[in-house]
Number of protein chains: 2
Amino acid sequence: MENFQLNAMLSKDSIELLELPLCKLLLMNDNQYPWFVLVPKVNDVQDIYQLDWQDQQQLLNESSMLSEILMQKFQGKKMNVAALGNICPQLHLHHIVRFEEDKAWPKPIWGLFPMKPYNEAEIEKIKGMLLPALKLILDK
Amino acid sequence: MENFQLNAMLSKDSIELLELPLCKLLLMNDNQYPWFVLVPKVNDVQDIYQLDWQDQQQLLNESSMLSEILMQKFQGKKMNVAALGNICPQLHLHHIVRFEEDKAWPKPIWGLFPMKPYNEAEIEKIKGMLLPALKLILDK
């Protein structure tokens, strides 16, 4: 969408990984969990049900594609998928790969521990793991 | 689905409100928040992306219909929609109406406070608020 602007809070805490047809894909800058966010490039929408039906389906499509690739690549125990947005009002959909060994298991991760930023090598590693697989699907 | 059985943890903590085409609609037995759960009547599925594409779309459909009615009826500030399932492995999608005045705001609600069960009158009130509107849409 023209004139779409990523919310400043999301922007500050994340690395932009990829443009999908509907969403920006962000990596949250916290190396404690594989934590990704999809942000539909649509202005002034807070909740999923407020999107046009076509955009809702596309969001589901992008979310499921992302979830499947994340579980394949990270070999997690469980996906956590959530639209909360009590603090940042711009609609965004969290995708977190959870492990029984992770710091917060089995609790939800939000607000438990301060974020621990990635270093450049870690970010490049994640990009190398995910972007080729995602682009392959998008180019189909 | 034949032979579908609601997970015992979900069953213990909730009141069954309605059968939707794909999901059971549960009211979580906690009067601190309007907190509802959709459980697809499909066995052995943990994550949304593992459902057939048609069931994924139906889940989205039921989730958005429910979200819209909940926000209309409860006049909340924000919907929280989440598939976590780290403890109860049966796929279930939380829908919580949030208010700036609620006990946990702006944090996610899970695990913060012990559940406070409804009394019968409160349950009947919620059924009266929601079931006619939901049935009207389902019968369309």
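## Contacts between the chains

Two residues are taken to be in contact if their C-beta atoms, placed from the backbone, lie within 7 Å. By that criterion, 27 residues of chain A are in contact with 27 residues of chain B. On the side of chain A that touches chain B, the elements giving two or more residues are α2 (53-74) and β4 (78-83) of chain A, where helices (H or I, at least four residues) and strands (E, at least two) are DSSP runs numbered from the N terminus. The residues of that side divide into 13 nonpolar, nine polar and five charged; Ala, Val, Leu, Ile, Met, Phe, Trp, Tyr, Cys and Pro count as nonpolar, Asp, Glu, Lys and Arg as charged, and the others, Gly among them, as polar.

This is a predicted model, in which local features need pLDDT of at least 70 and side-chain atom pairs count only at pLDDT 80 or more, while totals for chains, interfaces and linings use all residues. Residues are numbered from 1 along each chain as its sequence is written, and chains are lettered from A, and ligands numbered from 1, in the order in which they are written.

## Strand pairing and symmetry

β4(A) and strand β4 (residues 78-83) of chain B run antiparallel and are joined by three bridges, two strands being paired if DSSP finds at least two bridges between them. Within this pairing, Ala83(A) stands opposite Val81(B) in β4(B).

A turn of 180° with a shift of 0.0 Å along the axis lays chain A on chain B with an RMSD of 0.0 Å, the copies being superposed by least squares on the C-alpha atoms of residues with pLDDT of at least 70 in both. That is the relation of a two-fold axis. The same surface serves both copies, since 100% of the contact residues of chain A recur in chain B. Ala82(A) is the residue of chain A that comes closest to the rotation axis, at 2.0 Å (C-alpha).

## Helices α2 and α3

The 22 residues of α2(A) reach 31 Å from the first C-alpha to the last, close to the 32 Å expected at 1.5 Å a residue; the expected span is 1.5 Å times one less than the number of residues. Among the buried residues of α2(A) are Leu59(A), Leu60(A), Ser63(A), Leu66(A) and Leu70(A), a residue being buried if 20 or more other C-beta atoms lie within 10 Å of its own, exposed if 12 or fewer, and partly exposed in between. The buried residues of α2(A) pack against β2 (23-28), β3 (35-40), β4 and β5 (93-98) of chain A, together with α2 (53-74) of chain B.

In chain B, the 19 residues of helix α3 (residues 120-138) should span 27 Å, and the end C-alpha atoms are 26 Å apart, which agrees. α3(B) nevertheless has a kink of about 30° at Leu130(B), shortly before the proline Pro132(B); the bend at a residue is the angle between axes fitted to the seven residues ending there and the seven starting there.

## Backbone exceptions

Most residues other than glycine have a negative phi, and most peptide bonds are trans. Asp44(B), which is not a glycine, has a positive phi of about 60°; this residue is placed in the loop between β3 (35-40) and α2 of chain B, and counts as exposed, with 8 C-beta neighbours inside 10 Å. Gln75(B), likewise not a glycine, has a positive phi of about 50°, lies in the loop between α2 and β4 of chain B, and is exposed, with 9 other C-beta atoms within 10 Å. In chain A, Gln75(A) takes a positive phi of about 50° just after α2(A).

A cis peptide bond joins Trp105(A) and Pro106(A), with omega of about -5°, and Pro106(A) lies in the loop between β5 and α3 (120-138) of chain A. Trp105(B) and Pro106(B) are also joined by a cis peptide bond, with omega of about 0°.
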